[in-house]
Amino acid sequence: MRLPCSRFVTELRFVVSPARVLFSGVALMLSATSAFAANETITWGFGPTPSSVSISVGQTVTWDGDLVFHPVRVTDATFTTLGTVVSSGGISYTRSFPTPGVYYFMCALHGASMPTTVNVCSPGPYAVLDVDGNGQVDATTDGVLTMRYLLGLRGSALTAGALGACASRDASAIETYLSTRVVP
Ligand SMILES: [Ca+2]
């Protein structure tokens with residue numbers, strides 16, 4: 001689910017020529033769509049659905065299922081660390097995430113067969129250089145996407161391995177986004 005928002009931004013418009021890349025500042029009013037989901041609920045059981053969610057800072061994730069038979073435990077990216085068991089029975093456990101990052105949970109009894117990954121994203125300042133729309137500007141994602149687009153790559157060849165966590169644009173959306181900002 002996306003959260004609509006509007007804000008004033010200063011856009012750096014790309015002007016690309018074979019010999020050089022020029023940046024010029026253009027102030028404009030831009031309607032943008034947030035990259036991040038609202039509160040999320042996971043259907044908690046064997047094969048949790050979904051097993052990976054993305055939320056904004058301060059939003060919540062609810063594990064909805066039998067928490068006596070499937071207690072929720074903190075773990076790590078390999079789902080091997082036996083961290084704290086955070087649920088206390090019942091049929092629903094809700095946790096708020098005030099800090100950006102990636103968090104991992106699993107069933108305390110069934111381990112990695114019941115994983116949960118929570119991506120907690122910070123909206124940050126909107127920037128036109130945020131090509132994948134995840135609220136951050138990174139060389140290995142946004143930079144690579146721009147470079148590949150300028151080299152003529154499209155579709156999965158454009159985005160393979162180059163989308164940041166919480167990316168809100170797929171290949172088609174990125175092509176559209178860059179087509180309006182890159183002057184060949
Ligand atoms: Ca980005």
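What percentage of the 184 residues of the chain count as buried? The figure is 28%. Keep in mind as you go that this is a predicted model.

**Stop 1: the whole chain.** Colour by secondary structure and trace the chain from its N terminus. You should find nine strands and three helices, and along the sequence the nine β elements are followed by the three α elements, in the pattern β-β-β-β-β-β-β-β-β-α-α-α. If you like contact maps, here is one number to go with the view: among contacts between residues at least 6 apart in sequence, 52% join residues at least 24 apart.

**Stop 2: a four-stranded sheet.** Now select β4, β6, β8 and β9. Together they make an open sheet with mixed pairing, ordered β4-β9-β8-β6. Look at the two edges: β4 (52–56) and β6 (72–75) each have a single partner strand, so one side of each lacks a neighbour in the sheet. Neighbouring strands here are turned by 30 degrees against each other on average, ignoring direction.

**Stop 3: β6 against β8.** Zoom in on β6 and on β8, residues 101–107. These two strands run antiparallel and are joined by four bridges. Two pairs are worth labelling. Threonine 75 has tyrosine 104 of β8 as its bridge partner, while arginine 73 is partnered with methionine 106, also in β8.

**Stop 4: β8 against β9.** Keep β8 on screen and add β9. Their pairing is antiparallel too, over seven bridges, and a hairpin links β8 to β9 through three residues. To see one of the bridges, pick valine 102, whose partner in β9 is asparagine 119.

**Stop 5: the largest nonpolar core.** In soluble globular proteins, nonpolar side chains tend to be buried together. Here, the largest nonpolar core has 26 residues, and Trp63, Val72 and Leu145 have the most contacts inside it. Select β3 (40–44), β5 (60–65), β8, β9 (111–121) and α1 (139–150): each supplies at least two residues of this core. Which strand gives the largest share of the core? That is β9, with four residues. Then colour by domain: the core draws at least three residues from domain 1 (4–35 + 123–179) and at least three from domain 2 (40–121).

**Stop 6: leucine 145.** Finish by centring on leucine 145, one of the core residues with the most contacts inside it. Leaving aside neighbours within four places in sequence, leucine 145 is in contact with Val131, Asp132, Leu158, Thr159, Ala162 and Ile174.

Note on methods:
Residues numbered from 1 in each chain as written. Predicted model: local features only at pLDDT ≥ 70, side-chain atom pairs only at ≥ 80, totals over all residues. Pairing = 2+ DSSP bridges. Axes fitted to C-alpha atoms, helices over the stretch in contact; angles between N-to-C directions. Core = buried A, V, L, I, M, F, W, Y, C linked by C-beta atoms within 7 Å. Buried ≥ 20, exposed ≤ 12 C-beta atoms within 10 Å, placed from the backbone. Domains from an automatic or database assignment. Contact = placed C-beta atoms within 7 Å.
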